[in-house]
Amino acid sequence: MTLSQLSDVAILLTFVLVFCMVAVPPLVLLHLWWVDRRQDQHAVLRNYPLLGRLRYLLEHVGPELRQYLFDGDREGKPFSRDEYGTVVSAGKYLKTLISFGSKRDFEAPGWYLRNALLPTLLDDMHVLREPKIETRRYVIRKEGLFARRERLEPVEVSPWTLDEAHAPVLGADLANPWTLGGIVGMSAISYGALGRNAIQAMSQGLAAATGSWMNTGEGGLSQHHLMGGGSVVFQIGPGMFGVRDPDGRWDWELFGKKAAIPEVCAFELKLQQGAKIRGGHVEGSKVTPEVAELRGVRVGETIDSPNRFTMFDDVESLLDHVARMRREGGKPVGVKVVIGGPGALDELAAAIAFRGDGPDFVTVDGGEGGSGATYREMADTMGLPVRSGIVEADDVLRRAGVRDRVRLFASGKLFSPDAMALALCMGADAVNIGRGMMVSVGCIQAQKCHTNACPVGVATTDEKLMRGLVVDEKRWRVLNYVVTLRAGLIGLAAAAGLRSPTEFERRHAVYKDAHGRTWSAEDLFPTPREGDPAPDRRYDAAGMAGVGAGRIVPIAARVPSGAGPGPDGV
Ligand SMILES: Cc1cc2nc3c(=O)[nH]c(=O)nc-3n(C[C@H](O)[C@H](O)[C@H](O)COP(=O)(O)O)c2cc1C
Ligand code: SF4
């Protein structure tokens, strides 16, 4: 080809390119305008073709714009930027320091912790500071407008676990009791809701923190949960994944095998969850061959669990089942519940007292709790927030005289030391954290957990997306988050003049109203004693509880006199 031919071709190509740049966009826009105008599904687009599309764009990026630009530091939900930042900072830098002062609105009503005139010296706290744990933390080398350069450096930290004499023990009468040295552990989240890498990072980080635990969630126990070698609470929901036979019935032999796994420290029957009083749901897109095998379903099949265990339909049959689990498993058994209102646990507590057996722990999940998939109406309105729930549960167990043998776990946005301390004041013995753990492994609150499209590889089983979550990096963050939480909690207990966070009581939580008047939680909800009568109720707890709903039976009529705390005592 000659030079002049080459130049002709170049001119032609330039002409075509310019034509495309000038003529094609208007043609495409004209086509879209025509499509919008003629479609019959969206009124906005029919009336405002093309322009109406902006609405979808803004809807799509709205959450991100609010999160990064428009929400105040303490405003966003479920977690504000400040709350989110605290978890990330603990995980990355092992500290949650702020400077210049709190951003809290001190005029608004809210809860405070009572400090002592003379705090306890940290050296006198009943906690373990040795042996130190090896971890990694980030150090910022250079921070620019578009990038931050950091490096991981090795460092040793104290575990801040409770010493043996002060750590709560569950199931002391069993062959394998469980000691809660760490006070805080992971709340139930299944493999399937979370991806493999997230589970592995949590398993390793929690095990390294010592004294903590991870809860499998209702999706069954996988090798990834066992990877770190730490304590694992095996949760069983109405789907009974991991302990059911091919026909979907409870399989005691399988249960025995799970109980024999050394890492399994306890079982938890999930009766309810704060965000949903309904069966678990996992979209088919998340059901990989491994998840399917674990749960005994087909690959790609959407999983919907029943909304209640089918094998128990009253408190008696529930407690019979718990008793057999304890007997055959030799490990503590708990139930996870949501407190719906006054009297929610009256019948259960009375039955525990009457029979002299029952669960070793009750996990109270607050209505503010999270879920991989739920419906707004249920998440918003059903189930009390956690602090109210703990008080109700603590009260009823005390009145029934069984508080010593039934431990209370609490969950529901208790992701910071002050939130944990308030929960302990109200009556919790230990705290479970769900979403805080997810943030520690990289969750950015995109709120797409149910879609399998989690952009950071946390709540997805998609191999390509999971790649983004590097286990070897995130496990340090889980470990750092947990020990920073404990250190913060110990600091608060010391400031309150206590020698251990287990000594928090209602009098240490103080409520201030909008006028500045104050009451301790003890003033507002006096701690009952064994045998104290229950507050007058216009309805019966069982009548409101679902099974047998509508029966109005005085509680006294169902508890034989002379047994347990007696009719007056419940
Ligand atoms: C993605 C996701 C999955 C969850 N899966 C379960 C589950 O399998 N079983 C359960 O009892 N709770 C489940 N939960 C609820 C948590 O265990 C916890 O009770 C609740 O989120 C409150 O704690 P948080 O505020 O610290 O997240 C899930 C929560 C999330 C966010
Ligand atoms: S980033 Fe979004 S989708 Fe992923 S775990 Fe967090 S909230 Fe769920």
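Here is a short tour of the sheets, helix contacts, ligand surroundings and unusual backbone spots in this structure.

The model is a predicted one. Two open sheets are described below: one has 8 strands with parallel pairing, and the other has 3 strands with antiparallel pairing. Helix H13 is worth keeping in view, since it packs on the 3-stranded sheet and also crosses helix H16. Two ligands come after that, with 28 residues around ligand 1 and a shell around ligand 2 that includes Met438 and Cys443.

**The parallel sheet**

- Reading across this open sheet, the 8 strands come in the order S8-S17-S16-S15-S14-S11-S10-S9.
- Its edges are strand S8 (184–186) and strand S9 (213–215), and each of these pairs on one side only.
- From one strand to the next, the twist averages 25°.
- For a look at one pairing, take strand S16 (residues 407–411) and strand S17 (residues 430–433), which run parallel and are joined by 2 bridges.
- Phe409 has Ala430 in S17 as its bridge partner.

**The antiparallel sheet and the helix on it**

- The order here is S1-S18-S19, again in an open sheet, with antiparallel pairing.
- Strand S1 (110–113) and strand S19 (518–520) each have a single partner strand, so one side of each is left without a neighbour in the sheet.
- The twist in this sheet averages 30° from one strand to the next.
- S1 and strand S18 (residues 509–512) run antiparallel and are held together by 4 bridges.
- Trp111 finds its bridge partner in S18, namely Tyr511.
- H13 packs on this sheet by touching S1 and S18, and the direction of H13 makes about 90° with that of S1.

**Helix H13 against helix H16**

- The axes of H13 (residues 417–426) and H16 (residues 471–495) come within 8 Å and cross at roughly 55°.
- With that angle, the two helices are therefore oblique to each other.
- The handedness of the H13 and H16 crossing is right-handed.
- On the H13 side, the contact is made by Pro417, Asp418, Met420 and Ala421, which meet Leu485, Gly488, Leu489 and Leu492 in H16.
- Sorted by class, this contact of H13 with H16 holds 6 nonpolar, 1 polar and 1 charged residues.

**Helix H9 against helix H10**

- Helix H9 (residues 315–329) and helix H10 (residues 346–355) have axes that come within 10 Å and cross at roughly 55°.
- H9 and H10 are therefore oblique to each other.
- Their crossing is right-handed.
- Val315, Glu316 and Leu319 are the H9 residues in this contact, and they meet Glu347, Leu348, Ala351 and Arg355 in H10.
- The contact of H9 with H10 divides into 4 nonpolar, no polar and 3 charged residues.

**Around the ligands**

- Of the 28 residues around ligand 1, those that come nearest are Ser187, Gly217, Gly369, Gly370 and Gly434.
- The shell around ligand 1 breaks down into 7 nonpolar, 15 polar and 6 charged residues.
- Ligand 2 is surrounded by Met438, Cys443, Ile444, Gln445, Ala446, Gln447, Lys448, Cys449, Cys454, Val456, Val458 and Ala459.
- The shell around ligand 2 divides into 9 nonpolar, 2 polar and 1 charged residues.

**Backbone spots to check by eye**

- The peptide bond from Glu130 to Pro131 is cis, and its omega is near -10°.
- You will find Pro131 in the loop between strand S2 (127–128) and strand S3 (133–143).
- Leu94 has a phi near 65°, which is a positive value in a residue other than glycine.
- Leu94 sits in the loop between helix H4 (81–93) and S1.

Definitions and conventions. Residues numbered from 1 in each chain as written. Chains lettered and ligands numbered in written order. Predicted model: local features only at pLDDT ≥ 70, side-chain atom pairs only at ≥ 80, totals over all residues. Pairing = 2+ DSSP bridges. Axes fitted to C-alpha atoms, helices over the stretch in contact; angles between N-to-C directions. Near = placed C-beta within 6 Å. Nonpolar A, V, L, I, M, F, W, Y, C, P; charged D, E, K, R; others polar. Parallel < 35°, antiparallel > 145°, perpendicular 65-115°, else oblique. Left-handed = near helix turned anticlockwise from the far one by under 90°. Contact = placed C-beta atoms within 7 Å.
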